[in-house]
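Morning, everyone. Please have a look at the model on the screen, and then I'll take you through the ligand site and the aromatic rings.

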Amino acid sequence: MTLNKQNPLSLKSWKLLESNFKKNVQKKITDYFSEDPKRVESLSLQWDSFYVDYSKNLLDLETLNLLTKMARELGLNDAIEAYFNGVKINETEDRAVLHTALRQLNPKSIIVDGEDITPKIQAVKKQMYDFANKVISGNWKGHTGKAISHVVNIGIGGSDLGPAMVTEALEFYSNHLQITFVSNVEGDHLAEVIKKVDPETTLFLIVSKTFTTQETLSNANTLRKWFLNHAPESAISNHFVAVSSNLEKVTDFGIAKENVFPMNDWVGGRFSLWSSVGISICLAVGPKHFEDLLKGAGKMDQHFRTAVFIENIPVILALITVWYNNFWEVETEAIIPYSQYLRNLPAYLQQAIMESNGKGVDRNGKSVDYNTGNIIWGASGTNGQHAFFQLMHQGTKMIPADFIGFAQPLHKRNDHQDKLISNFFAQTQALMQGKNEETVMKEMSDQGKSPAQIEALLPFKIFEGNRPSNTLFIEQLTPSNLGSLIALYEHRIFVQGVIWNIFSYDQWGVELGKQLANKILKDFDKEEFDHHDASTQGLIQHYKKLRK
Ligand code: F6P
């Protein structure tokens with residue numbers, strides 16, 4: 001059984017949602033609060049150490065009931081089971097989507113192509129944990145007998161963003177190992193890394209599911225050459241390990257079989273941090289914390305799989321996105337973590353969400369006649385407040401936002417935390433309430449401004465408000481809670497893909513640029529080439545003149 005292929009616009013519930021939209025379009029979020037004194041109770045969820053408040057949105061329970069009805073009509077229940085049970089829901093690549101199998105709380109058999117993948121998962125985990133323990137304890141030696149002190153992860157996209165975001169997010173839990181990520185094919189990025197590494201004490205992790213990615217292989221080859229200028233060939237096995245599903249290519253590169261952490265095609269790159277791709281995380285924080293990260297994700301998986309839709313956090317948040325995307329025609333969504341540790345969560349989610357749901361063709365192969373994937377952006381709060389919040393508060397666009405914060409700081413409690421949290425609450429309040437004419441006038445008159453000054457400044461100081469947000473308030477930034485948070489977004493992506501009738505787990509859209517770059521690269525060394533459009537032709541010629 002594969003996923004339903006129904007156009008959501010054909011549903012009765014979709015029509016009812018359109019009527020609901022028309023009926024309430026003039027209503028403000030604050031009107032909903034005045035109408036229903038129990039709104040916060042009915043539009044918030046407490047789960048584990050997560051408190052999710054979605055009451056500051058342009059909808060009510062009637063809207064949410066219609067949205068969940070639509071999800072049921074589109075077969076979301078069956079889709080969730082298909083996803084967890086390893087049905088090949090990634091049809092265009094003929095693959096199952098089983099990152100959830102990597103974090104089962106009570107590991108059960110999951111059969112893919114006639115084989116139970118669960119024992120394999122346990123075996124790779126053991127390989128990862130044994131290796132991490134050896135490196136962390138100093139028992140894994142570099143070629144001159146020194147312990148490893150620096151780990152360089154070479155990978156891009158899903159083989160970089162997830163591990164980089166999580167190691168940064170869990171910095172508080174990290175050990176003595178220094179972890180560096182190199183992703184860009186730009187030689188300057190690599191040159192800066194080379195400046196910092198010592199060939200005697202550095203371990204290089206080449207992370208590439210396909211082991212064909214230009215950026216990763218170029219960086220790995222250059223680092224290998226650099227390394228061999230400082231060490232004999234026999235030292236490669238002490239300093240280079242690989243994570244890949246392409247054993248043949250890894251062996252061709254010269255990495256010993258015992259230094260390869262396998263990966264499977266049922267784990268998509270952007271969902272792979274839970275697999276051997278997370279080896280840098282495991283090294284940075286140790287197996288115990290890595291295991292907690294997996295457990296947190298496993299708990300969220302269970303919640304997602306078992307909670308009724310109206311109490312299901314990923315489902316509700318996904319439906320709220322669909323509501324704004326398809327009925328309010330909103331284009332973008334901001335993610336604002338009030339934690340500097342999570343500063344790269346928006347960048348990580350950009351790949352996870354936009355590579356998954358940035359699709360314009362439905363599961364029947366037809367162009368869609370409605371909006372799909374939204375544009376994701378953001379930065380940490382409070383920094384963002386001093387950058388782009390002006391537009392969020394007073395610009396012409398509505399930008400629904402997720403505000404993510406942690407109640408308990410990791411370091412000793414101090415006055416910074418209260419200041420941070422007051423900002424965290426104040427922003428969603430300001431976005432919703434705004435500031436009306438009367439209040440602005442009173443404020444200015446209290447400040448002693450003249451009537452003429454008040455009149456001149458008034459329009460600029462008014463905030464319309466009525467701008468929606470979700471608040472995800474979590475007890476503390478622990479590995480387990482981080483795992484739950486990431487899994488929440490993964491499932492939200494899945495739900496949105498099901499509703500929009502698109503395939504969320506392929507990424508054909510990144511191929512064309514790769515193909516053309518390969519063609520252009522060849523032309524840099526040719527005298528004659530005239531097969532490009534005039535603009536690109538001109539750019540190539542310009543580059544050839546300036547090329548050193
Ligand atoms: O180009 C997109 C992509 O395929 C991503 O989906 C993936 O995460 C990234 O490239 C890296 O791929 P690989 O792990 O095979 O090097």
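Let's start at the ligand. A polar side-chain atom of Q351 lies 3.3 Å from one of the ligand's oxygen atoms. How much of the ligand's own accessible area does the protein cover? It covers 87% of 390 Å². Keep in mind that this is a predicted model.

Two further residues make polar contacts with the ligand through their side chains. For S159, a polar side-chain atom sits 2.7 Å from a ligand oxygen. For T213, the distance from a polar side-chain atom to a ligand oxygen is 2.5 Å.

Now the whole shell. How many residues surround the ligand? There are 14. The closest are S159, S208, T210, T213 and E355. By type, the shell holds nine polar residues, three charged and two nonpolar. And where does the ligand sit? Its space is the largest pocket.

Next, the aromatic rings. The count is 30 aromatic pairs. Take F388 and F389 as one example. Their ring centres are 5.4 Å apart, and their planes meet at 35°. Why do we call that pair tilted? Because 35° falls between the limits of 30 degrees for stacked and 60 for edge-to-face.

Are these two residues buried or exposed? F388 has a relative accessible area of 19%, so F388 is buried, the cut-off being under 20%. F389 is buried too, with a value of 2%.

Both belong to a cluster linked by ring pairs. Its other members are Y338, W377, F403, F424, F425 and F473.

To recap: the ligand takes up the largest pocket, and the protein covers 87% of its accessible area. Thanks, and over to you.

Note on methods. Residues numbered from 1 in each chain as written. Predicted model: local features only at pLDDT ≥ 70, side-chain atom pairs only at ≥ 80, totals over all residues. Heavy atoms only, no water. Near = heavy atom within 4 Å. Polar contact = N/O pair within 3.5 Å; in protein donor to acceptor, adjacent residues only side chain to side chain. Areas by Shrake-Rupley, 256 points an atom, 1.4 Å probe, with all protein chains shown as cover. 1 Å grid on protein atoms, 1.4 Å probe; cavity = no way out; pocket = protein on both sides within 12 Å on 5 of 7 lines; lining within 4 Å. Sits in = over half its atoms within 2 Å of the grid points. Nonpolar A, V, L, I, M, F, W, Y, C, P; charged D, E, K, R; others polar. Phe/Tyr/Trp six-rings, centres within 6.5 Å; stacked < 30°, edge-to-face > 60°. Buried < 20%, exposed > 50% of the residue type's maximum accessible area, 1.4 Å probe, protein only.
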